[in-house]
Amino acid sequence: MRKAFAAVLAVALLASGCTETLKTDATGGGPTARVALLLPERKASRYEAGDQPYFAQKLSELCPGCTVDYRNAEQNAATQLQQAKDALDQGAKVLVLTPVDSVAAGEIVTEARNRGVPVISYDRLVLKTAVDYYISFDNAKVGALQAQALLTALGPKASQGEILWINGSPTDNNATLFKQGAHAGLDGKVKVAAESDTAEWNPDNAKAWTAGILPTLRGRTIVGVYAANDGTAGAAIAAMKAAGMPAVPVTGQDAETPALQRILVGEQYMTVYKAIRAEAETAAALADDLVRGRRPTETSAVDNGAGQVPSILLDPVAVTKETIAGTVIKDGFVTPGALCAGQYADACRAAGIG
């Protein structure tokens, strides 16, 4: 991973007048420092199951004397601000931040900068406040992949009915980018019966919206659903089942195990796989560099409304029933044992997974 990281960012040492000399661990093999990992929520399983352990493991390998101060804001921006302040008070030397609210998180960045602590905007971009680095996926491409997959699944039906459109949280800049990418791919090619943002990415909100909108659409043909992630996809599918509707192609994102199982049995058409291990390990490598006083030089940048942010954008991958084995299974993102348990065993065998 370190080689891959170096290929993207050429490391440039800071001038020898670094403002602080870090302590070294007991063996003298590296610095001791606290790195705060501030994640936004637990509704999406990826943060607890993937980002946190992958990040901690990689940082431990690179910097044995470093400590990961992990905190989860439970989708509360005020809580996240307090967690950041607490982490800084306890001596965090780097903040790795996935903001609950992309604009409100500017206060966290300002607080860190006032203390001379660099901030890595992780997965979601902090907006309208200068931030040190940004590591994520090409999120507009996520929406584009979802759009193309939905068009493929619909085929001629794209012009024979309408779709429901379920976006993510309006406070998450990634959700804005997913929406932009999807609209670029679908506008003029499908008719949208109704569209809604999903507060806090909460599947309960998406399910309630879907259940509420369906009775208003009686007599109209719903041929598909654009859902921004697997949580909203599952919510829409549950609401449509409860209403007695037949299965239609539904998009998703995050390659969560329940979503992959729905794909295997034909309830969901696709998801988008983002190699979270690669993203988390890249962030850990950058945090290690910053702890050691090294400032990587970027080869790309993203405008966050306050200027150009040095950035690394990884590639997302579309996953359908035909490609599960060659993507998420091959990478070890999910195991056949977890995916194929119980009622999904036959579907796994039919898809060549076992």
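What is the volume of the second largest cavity? In this predicted model, the second largest cavity has a volume of about 30 Å³. Its lining consists of Asn-167, Gly-168, Ser-169, Pro-170, Ala-175, Thr-176, Lys-179 and Asp-197. Grouped by class, the residues lining the second largest cavity comprise 2 nonpolar, 4 polar and 2 charged residues.

In total, 2 cavities of 30 Å³ or more were found in the structure. The largest cavity has a volume of about 170 Å³. It is lined by 18 residues, of which Ala-44, Tyr-47, Trp-201, Asn-229 and Asp-254 are the closest to its centre. Two or more lining residues are contributed by each of the elements α2 (46-62) and α6 (173-186). The class composition of the lining of the largest cavity is 5 nonpolar, 4 polar and 9 charged residues.

The strands were examined next. An open sheet is formed by 7 strands, arranged in the order β3-β2-β4-β5-β6-β13-β12, and its pairing is mixed. The edge positions are taken by β3 (66-72) and β12 (301-303); each has a single partner strand, so one side of each is left without a neighbour in the sheet. From one strand to the next, the twist averages 30°.

At the β3 edge, the pairing with strand β2 (residues 33-39) is parallel and extends over 7 bridges. Within this pairing, Val-35 is placed opposite Val-68 of β3.

Further along the sheet order, strand β6 stands between β5 and β13. Strand β5 (residues 119-122) runs parallel to β6 and is joined to it by 3 bridges. One residue pair in this arrangement is formed by Ser-121 and its bridge partner in β6, Tyr-134. With strand β13 (residues 308-314), β6 pairs in the parallel sense over 4 bridges. Here the bridge partner of Phe-137 is Leu-314 in β13.

Strand β6 (residues 133-137) is mostly covered, with 5 of its 5 residues buried. In a regular strand, side chains alternate between the two faces of the sheet. In β6, Tyr-133, Ile-135 and Phe-137 point one way, whereas Tyr-134 and Ser-136 point the other way, and all are buried. Tyr-134, the bridge partner of Ser-121, and Phe-137, the bridge partner of Leu-314, thus belong to the two opposite sets of side chains.

Among the helices, α10 (residues 276-291) was considered in detail. Helix α10 has 16 residues and reaches 22 Å from its first C-alpha to its last, close to the 22 Å expected at 1.5 Å a residue. Of the 16 residues of α10, 14 are buried, and the helix is mostly covered. Just after α10, Gly-293 adopts a positive phi of about 85°.

Leu-290 lies in helix α10. With a relative accessibility of 10%, Leu-290 counts as buried, because the term applies under 20% relative accessible area. In sequence, Leu-290 is separated from Thr-79 by 211 residues, and the two are 25 Å apart in space, C-alpha to C-alpha.

Technical notes:
Residues numbered from 1 in each chain as written. Predicted model: local features only at pLDDT ≥ 70, side-chain atom pairs only at ≥ 80, totals over all residues. Heavy atoms only, no water. Buried < 20%, exposed > 50% of the residue type's maximum accessible area, 1.4 Å probe, protein only. Pairing = 2+ DSSP bridges. Expected span 1.5 Å × (residues − 1). 1 Å grid on protein atoms, 1.4 Å probe; cavity = no way out; pocket = protein on both sides within 12 Å on 5 of 7 lines; lining within 4 Å. Points joined across faces, edges and corners; volume = space filled by probe spheres on them. Nonpolar A, V, L, I, M, F, W, Y, C, P; charged D, E, K, R; others polar. Axes fitted to C-alpha atoms, helices over the stretch in contact; angles between N-to-C directions.
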